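Welcome! Below are some short exercises, each followed by a solution worked step by step. Please keep the sequence and the 3D view at hand.

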Amino acid sequence: METLKDKKTKTSKPTTIKISGAEAIIHCLLAEGVDLLYGYPGGAIMPVYDELYKFQDRLTHILTRHEQGATHAAQGYARVTGKVGVAMATSGPGATNLVTGLADAQIDSTPMVCITGQVARHLLGSDAFQETDIIGISTPVTKWNHQITQASEIPEILAKAFYIARSGRPGPVLIDITKNAQFDEFEFSYEACKGVRSYKPVPKPDMASIEAAAQLINTAKKPFIVFGQGVILGEAEEQLKTLVEKAGIPAAWTILGASALESSHPLNVGMVGMHGNYGPNVLTNECDLLIAIGMRFDDRVTGSLDTYAKQAKVIHFDIDPAEINKNVTADVAVLGDAKETLKLMLPLVNENKHEAWHDEFKKRYQIEYDTVIKNDIHPTKEKLTMGEVIEEINLASNNNAVIVTDVGQHQMFACRYAKFNQTKSNITSGGLGTMGFALPAAIGAKMGAMDREVVAIIGDGGYQMTIQELGVIFQHNVPVKIVVLNNGHLGMVRQWQELFFESRYASTVMTNPDFVKIAEGYHIEAKRVSERKDLKSTIQEMMASKKPYFLEVKVEKEDNVFPMIPSGASVSDVRLK
């Protein structure tokens, strides 16, 4: 079957072909460069799946075991490749099962297009079988959504969907397509969307703001950079590194910004936020200039806004005007694509060292190392710790693995201790905090980066939320490495209960199944480690394997993650124990 590209002539308009709406959807996906999508079939989307069957040699569909798994897999694929992830589901419960993944992608700015089937146009609003108003439900958690009720709308709307999903600040788009629109035939042609009226995805850089930002940087005595995922999404890693090195500015990252600057860089001073490093948190309230690049001043980063960096001038680089002055007032706002705005500013920035200022971070790091880090990664206690597991994975992978984390204590340990040599290496659910994210996201990440090792770090609680996706790993032989850090609790909730609820462990103790036997039931090589003497060799064996591998590590039940800023407290009030 020919695609649109095959059928284009030398004239300005592509040749039309008469096809069904379902086939048109396939042509649109191929025209957008999609070669992999995730989904789950059902009655209202069945015409599209019938066409997918005919295009198996050009468009790979991965049958996940739950629609939520499809969205998280699409997210993992998008995050590691920078491309738009695609997920598909039927109407009713199929569509509603996508909502958590849509919400996760929305708050973490992940480009994704979800296609859902819908009952026929004449049945809309009649409470027909498996009819749900997915447009109304998904409106708050999508960048854009639209319902197609006639076949002729398909090319224009899908072109617009991909454009909106990937442009500017990326995000998820949902397109709902009625069954009659999938069956009906029309004269099909396709043109990629290059713009939408009134939608300006990338603000034009303002040189006055850029010059003002450079002036503040050149006169600052204690400048401090906090960078987020906007650097990665804008492919501005090189510009960030040049700024850091030229101006000698200490730089810290949000959890979604991790890996934009290699972990070993001498001016990379660690992570900010609730469980971030001691120095970056405390010294936020001592810097005289705070430079935020591609981050949104999330409450987990700022703590109490009443006390956050009040002594400092603030420069905020962001592509989204809605983020400017939303949480923290900027003295200078630099709107635009981070790669472009940083590139324009770099010639205006003076070379500097700020050695005495950087020494302040080194002093705080030594305090944190002696009090926290040493005990996390080189423990003397009998039980294994999450930190030492992450450290062994770093050593076995030479810091080159893609680390995909779920949500909870293990996530914070992984974000604190995982080391990265290259960008797009840290994939986690940041803003929504979705338990169950890691396993399907790791599948998508591995399929998007088959040349890289992908390691999923998961807690025993979140693992069981999407454990059924082991079926995808088995069916498609996806060589992802799965590490479950099993402490027999919902660890992060338990930590809060210990610290703030007088150790009343309400509904946080987990009675778990035999995870190794479950993995073996899916024909995945599996091992369990509970003693330190076996940890290093088993992780090395796992990393050397070319096949899927499951490793359960029994860790300390009441091991807490520190430092910690109590909810609503100042970043200066970070606790080391």
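## Exercise 1: Charged pairs

The side chains of Glu262 and Lys241 meet in a salt bridge, at 2.9 Å from N to O. A salt bridge here is a side-chain nitrogen of Lys or Arg within 4 Å of a carboxyl oxygen of Asp or Glu.

Before you start, please note that this is a predicted model, in which local features need pLDDT of at least 70 and side-chain atom pairs count only at pLDDT 80 or more, while totals for chains, interfaces and linings use all residues. Residues are numbered from 1 along each chain as its sequence is written, and side-chain values use heavy atoms, with hydrogens and water left out.

**Task.** Find which parts of the chain the pair Glu262 and Lys241 links, then look at the pairs Glu360 with Arg364 and Lys533 with Glu531.

**Solution.**

1. The general idea: side chains of opposite charge can pair when their charged atoms come close.
2. Glu262 sits in the loop between β10 (251–253) and β11 (268–271), and Lys241 belongs to helix α12 (residues 237–247); the pair, 21 residues apart, links distant parts of the chain. Helices (H or I, at least four residues) and strands (E, at least two) are DSSP runs, numbered from the N terminus.
3. Lys241 counts as partly exposed, because its relative accessibility is 29%. The scale calls a residue buried under 20% relative accessible area, exposed over 50% and partly exposed in between (1.4 Å probe, protein chains only).
4. Glu360 and Arg364 form a salt bridge at 2.7 Å, N to O. Both lie in helix α16, 4 residues apart, which is about one turn of the helix.
5. On the same scale, Glu360 is partly exposed at 22%, whereas Arg364 is buried at 15%.
6. Lys533 and Glu531 meet at 3.8 Å, N to O. Lys533 is exposed, with 62% relative accessible area, and Glu531 is partly exposed at 41%.
7. Salt bridges with shared partners also join Arg169, Asp320, Glu323 and Lys326 into one network. Across the whole structure, a search finds 25 salt bridges.

## Exercise 2: A parallel sheet

**Task.** In what order do the 6 strands of the open sheet run, and which strands stand at its edges?

**Solution.**

1. The order is β16-β15-β17-β18-β20-β19, with parallel pairing. Two strands pair if DSSP finds at least two bridges between them.
2. β16 (426–427) and β19 (525–529) are the edge strands; each has a single partner strand, so one side of each is left without a neighbour in the sheet.
3. Start at the β16 edge: strand β15 (residues 402–405) pairs with β16 in the parallel sense over 2 bridges. Here Val404 has Ile427 of β16 as its bridge partner.
4. Move on to strand β17 (residues 454–459), which pairs with β18 in the parallel sense over 5 bridges. Val455 stands opposite Lys481 in β18.
5. β18 also pairs with strand β20 (residues 549–554), in the parallel sense over 6 bridges. Ile482 stands opposite Phe550 in β20.

## Exercise 3: How covered is β18?

**Task.** How many residues of strand β18 (residues 481–486) are buried, and which lie on each side?

**Solution.**

1. 6 of the 6 residues are buried, so β18 is largely enclosed by the rest of the structure.
2. In a regular strand the side chains alternate between the two faces of the sheet.
3. On one side of β18 are Lys481, Val483 and Leu485; on the other are Ile482, Val484 and Asn486, and both faces are covered.

## Exercise 4: One buried residue

**Task.** Is Thr71 buried or exposed, and which residues is Thr71 in contact with beyond its neighbours within four places in sequence?

**Solution.**

1. Thr71 lies in helix α4 (residues 67–81).
2. Its relative accessible area is 0%, so Thr71 is buried.
3. Leaving those sequence neighbours aside, Thr71 is in contact (heavy atoms within 4.5 Å) with Ala87, Leu98, Gly101, Met112 and Cys114.

## Exercise 5: The whole chain

**Task.** What radius of gyration does the protein chain have, and how many helices and strands?

**Solution.**

1. The protein chain has 24 helices and 20 strands.
2. With 577 residues, a compact globule would have a radius of gyration near 25 Å, and the chain's 25 Å agrees. The radius is taken over C-alpha atoms, and the globule rule is 2.2 Å times the number of residues to the power 0.38.
3. Of the 577 residues, 60% count as buried.
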